[in-house]
Amino acid sequence: VCRPTVINMYSEDLSNLDTWFDKWITFMFEDSVRIPISETEFEETVPYKMLQPISKAKYPDITEDEAARSLPIQTLCGAIFDAILVHMMNTVVDPPVWQSLKKTMVENLNKQKVPHTVEILKRSYSSSDIIALQEVSSSFVITAQNHFADHYHVVPPSEIDASRDQNSILMLSKARFPNGATSEITDLVYNSFPEGVKVPVATGDILAITATDASGNDYVIASFHGDTNGLATIPVVDAILQTMASNELLANHKLIFGMDANTYEHGEAGKKQDVLEFASHFVSKGLSSCWGDRPNPENYTTFNARTYLQPQLNKACKSSEKREKGDVNPKDFILFANEQFEVVHTLKDNTGDKKYIEDMAFPTLNFPSDHGILSTVLKERE
């Protein structure tokens, strides 16, 4: 079920505004949709009830009044935005032309995203002991649990994000971790944020668990998706470490932490997290990374640019500007305690075949993610 708009998987006719508007109103205020609230439970709701208030803590540029009125403002702005796009597309090109092109893109980038992701994991990463994924849909969780049942424990957070449907999850090799997750400690991490400090994290962004491997070694394993500007990344790392240090049952666990840190080659104090500042911080806490203690700021793991057919127009650019104005940054990390592990080798991948093509924008029709895959082999220090 999709909102009638140009920029999602909606497949019905949008060749004129009158047709679009009737369908939009019906969808938002009358149609019932079925959404997952857990691995096994669903609930019926009307789409407008799924809108979430916009938090000033996460988006500090908005006013307190805008935050208080954010639900009706979202609804109105959403309708205006969708109407503009429908009008624009039907003005610049005949409807059959753009709607046919859209169907091809939807099929490969959206409808086949979960199958493509599963196929890549099976083909190239099926020997991994730990797989940390971020911004995962509930449909992917269900699919992965079915496809990987023989070889992996697929671990979603106990509280999934049903509205945004973007969750951090973990997959643990049944050979390495026969009992899977022994406990989830995500709530302990949230409770370790400093009192009174607003950290821009949403439900589903953090998953932290404990697990014991086949040799009896205890681990804290975490998966995390940072906010757009990376301002939550350092506080979340600190909260994980504080959780482990303050709980005697966790003090001797080994930490493995996979994350989309959303760090930037060129940060801006208080606005965008600089990658070298992040590295200096985690090193000061006794951690190292798959990229070492001082990552190369030009070792990019994203290269994507946005057209004007999406809601964040401040991030849009012309095709000729995609390298200059796109999101080309060193955003992804695997962290661990420096005294416990050392890196044997690390690779990055934006093809699904354990290869990374520099200066290639992605996702592509064959690679469904806008972040490269990291794969690291760690060796325990003696």
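These legends walk you through several close-up views of a predicted model.

**View 1. Helix 6 and its buried residues.**
Start with helix 6, which spans residues 138-147 and has Ser138, Phe140, Val141 and Ala144 as its buried residues. These residues cover an arc of only 155 degrees around the axis, which puts them on the same side of helix 6. What do the buried residues of helix 6 pack against? Their partners are strand 1 (33-36), helix 5 (113-124), strand 3 (130-136), strand 4 (152-155) and strand 5 (167-173).

**View 2. Helix 9, from one end to the other.**
Helix 9 covers residues 275-284, and its buried residues are Val275, Phe278, Ala279, His281 and Phe282. Seen down the axis, these buried residues fall within an arc of 165 degrees, so they line one face of helix 9. They pack against helix 8, strand 9, strand 10 (287-289) and strand 11 (332-337). Now look at the N-terminal end of helix 9, which is capped by Asp274: a side-chain oxygen of Asp274 lies 2.9 Å from the backbone nitrogen of Leu276. After helix 9 comes Gly286, with a positive phi near 85 degrees.

**View 3. His253 in its loop.**
Find His253 in the loop between helix 8 (233-246) and strand 9 (254-260). Is His253 buried or exposed? With a relative accessible area of 11%, His253 is buried, because the cut-off for that word is under 20%. A polar atom of the His253 side chain lies 3.2 Å from the backbone oxygen of Leu249. Leaving aside neighbours within four places in sequence, you can also look for the contacts of His253 with Thr210, Asp218, Tyr219, Val220, Met244 and Gln340.

**View 4. Arg164 and two acidic partners.**
Side chains of opposite charge can pair when their charged atoms come close. Arg164 forms a salt bridge with Asp161, where the closest N and O atoms are 2.7 Å apart. Arg164 also forms a salt bridge with Asp205, and here the closest N and O atoms are 3.1 Å apart. The pair of Arg164 and Asp205 links distant parts of the chain, 41 residues apart: Arg164 sits in the loop between strand 4 and strand 5, and Asp205 in the loop between helix 7 (186-190) and strand 7 (206-212). As for accessibility, Asp161 is buried at 7%, Asp205 is buried at 3%, and Arg164 is partly exposed at 31%.

**View 5. Asp359 meets Arg323.**
Here is another salt bridge, between Asp359 and Arg323, with the closest N and O atoms 3.8 Å apart. Which parts of the chain does the pair link? Asp359 is in the loop between strand 12 (341-349) and strand 13 (373-380), while Arg323 is in helix 10 (residues 322-325), and the two residues are 36 residues apart. Asp359 counts as exposed, at 61% relative accessibility, whereas Arg323 is partly exposed, at 38%. Elsewhere, salt bridges that share partners join Glu119, Arg123 and Asp353 into one network. The count of salt bridges comes to 15.

**View 6. A nonpolar patch on the surface.**
For the last view, turn to Leu76, Ile80 and Ile84, which make a nonpolar surface patch of about 290 Å². To find your way there, look for Ile84 in helix 3, residues 70-92.

Note on methods. Residues numbered from 1 in each chain as written. Predicted model: local features only at pLDDT ≥ 70, side-chain atom pairs only at ≥ 80, totals over all residues. Heavy atoms only, no water. Buried < 20%, exposed > 50% of the residue type's maximum accessible area, 1.4 Å probe, protein only. Helix = DSSP H or I, 4+ residues; strand = E, 2+ residues; numbered from the N terminus. Arc of directions from axis to C-beta. Contact = heavy atoms within 4.5 Å. Patch = residues over 30% accessible without salt bridge, like charges linked within 9 Å, V, L, I, M, F, W, Y side chains within 5 Å. Areas by Shrake-Rupley, 256 points an atom, 1.4 Å probe, with all protein chains shown as cover. Salt bridge = Lys/Arg side-chain N within 4 Å of Asp/Glu carboxyl O. Polar contact = N/O pair within 3.5 Å; in protein donor to acceptor, adjacent residues only side chain to side chain.
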